[in-house]
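Dear colleague,

I am handing over a structure that you have not worked with before, and my notes on it follow below. Please keep it open while you read.

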Amino acid sequence: ILFALELCSLLLWRPCTGSHCSGHTDCLSCVEDSTELGTCRWCPVDKACHDAGSVLNPCPATKNIVSPEQCGEPLARFQAALGLEALVLSAAAYSDQPQACMANQKLDYNVTFAAPPVKCDLVDSTCFAYVAVSHSKQRIVLSYRGTVGDTQLLMELLEGLTIPQVPFAGGKVQDYWHSAYVLLQPAVAAVQQAIASYPSYSVLVTGHSLGGALASMGSTYLASVAASTTVSLYSFGQPRVGDYPYAVAHDKLVQLARGASLRHCSPPAAVQ
């Protein structure tokens, strides 16, 4: 009985109360302490120290700071103005002439890459991406087109149910997303060229629906190969991309809108 009470106290009471680690008020002292359950966790969202497994910790596992080297890393925060800009940029991907769309919306971007749409499934549905640069904002944009029509949506569903996931970034992703991503790899290469030309610029990757899934993959890859560049993802109506190991790898690499995420907004209206 005594052992059972001690086990309950260890597994239930301490994670709920956070009584030990919560005494620390800075990141460094927090992560240098520990309990029977493991190293204390510093959450940059509420700027507080939590016991391992505490249900009071608002940070997901991938955002907890558990080592001194991580204490100086900045916290990515949602920016409403950038989110609205990303909404227009993702909508522009539905046009074969994204430059005209951005001009109509008075966005100061110049399209530097926009290859013709490519066929991305057996019924000849097409996928598309473009790259644009804003020198005034010092930003490089990669925007992916989303699902167009019920036929493409049906193909995505069928392939998702019948074809196994494939490896990507330490995890696995849906085969349809991966195939489309590979076909649109020249757009990612164009972003890398832009980064080489403008190393101080940040990168914004965006997309709606299918485009959101591709944007997730594109941002993960770019963040992994351009460590000195700030890579952010703003996606809209994004479906599940892959498994848990992929999600963990993505969240460790990419600055993502949190809390007020735009992922669940209505589809972007057509931009003429």
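Is Tyr176 buried or exposed? Tyr176 has a relative accessible area of 2%, and because buried means under 20%, Tyr176 is buried. Before going further, please bear in mind that this is a predicted model, and that the values below were computed from it.

**Overall picture**

The protein has nine helices together with 14 strands, and 46% of its 272 residues count as buried. If one takes the contacts between residues at least 6 apart in sequence, 64% of them join residues at least 24 apart.

**Two helices and their contact**

Tyr176 also belongs to a helix pair that you may wish to look at, made up of H5, which covers residues 150-162, and H6, which covers residues 175-183. Two packed helices are described by the angle between their axes and by the distance between those axes. Here the angle is about 120° and the axes are 8 Å apart, and since an angle of this kind falls outside the parallel, antiparallel and perpendicular ranges, H5 and H6 are oblique to each other. On the H5 side the contact is made by Gln152, Met155, Glu156 and Glu159, while H6 contributes Asp175, Tyr176 and Trp177. Sorted by class, this contact has three nonpolar residues, one polar residue and three charged residues.

**Aromatic residues**

How many aromatic pairs does the count come to? It comes to four, taking pairs of rings whose centres lie within 6.5 Å. One of them joins Tyr176 and Trp177, whose ring centres are 6.1 Å apart and whose planes stand at 75°, so the pair is edge-to-face. Trp177, at 7% relative accessibility, counts as buried, as does Tyr176 at 2%.

Another pair is formed by Tyr198 and Tyr201, with ring centres 4.9 Å apart and planes at 15°, so this pair is stacked. Tyr198 counts as partly exposed at 30% relative accessibility, whereas Tyr201 is buried, with a relative accessible area of 9%. In addition, Phe168, Tyr181 and Tyr246 form one aromatic cluster.

**A buried serine in a strand**

Ser143 lies in strand E9, which runs over residues 139-144, and with a relative accessibility of 0% Ser143 counts as buried. A polar atom of the Ser143 side chain lies 2.9 Å from the backbone oxygen of Leu89. Leaving aside residues up to four places away in sequence, Ser143 touches Leu89, Ser90, Ala93, Phe128, Ala129, Tyr130 and Thr206.

**Two residues with positive phi**

Most residues other than glycine have a negative phi. Where, then, is Asp124 found? Asp124 is in the loop between strand E6 (118-119) and strand E7 (126-127), its phi is near 65°, a positive value in a residue other than glycine, and with a relative accessible area of 46% Asp124 is partly exposed.

Ser209 likewise has a positive phi, near 60°, and is found in the loop between strand E12 (202-208) and helix H8 (210-225). Ser209 is buried, however, with a relative accessible area of 16%.

With kind regards

Key:
Residues are numbered from 1 along each chain as its sequence is written. This is a predicted model: local features need pLDDT of at least 70, side-chain atom pairs count only at pLDDT 80 or more; totals for chains, interfaces and linings use all residues. Side-chain values use heavy atoms; hydrogens and water are left out. Axes are lines fitted to C-alpha atoms, for helices over the stretch in contact, and angles run from 0 to 180 degrees between N-to-C directions. Helices (H or I, at least four residues) and strands (E, at least two) are DSSP runs, numbered from the N terminus. Angles under 35 degrees count as roughly parallel, over 145 as roughly antiparallel, 65 to 115 as roughly perpendicular and the rest as oblique. Contact means heavy atoms within 4.5 Å. Ala, Val, Leu, Ile, Met, Phe, Trp, Tyr, Cys and Pro count as nonpolar, Asp, Glu, Lys and Arg as charged, and the others, Gly among them, as polar. Buried means under 20% relative accessible area, exposed over 50%, partly exposed in between (1.4 Å probe, protein chains only). A polar contact is a pair of N or O atoms within 3.5 Å; within protein, one must be able to donate a hydrogen and the other to accept it, and residues adjacent in sequence count only if both atoms are side-chain atoms. Rings of Phe, Tyr and Trp (its six-membered ring) pair if their centres lie within 6.5 Å; planes under 30 degrees apart count as stacked, over 60 as edge-to-face and the rest as tilted.
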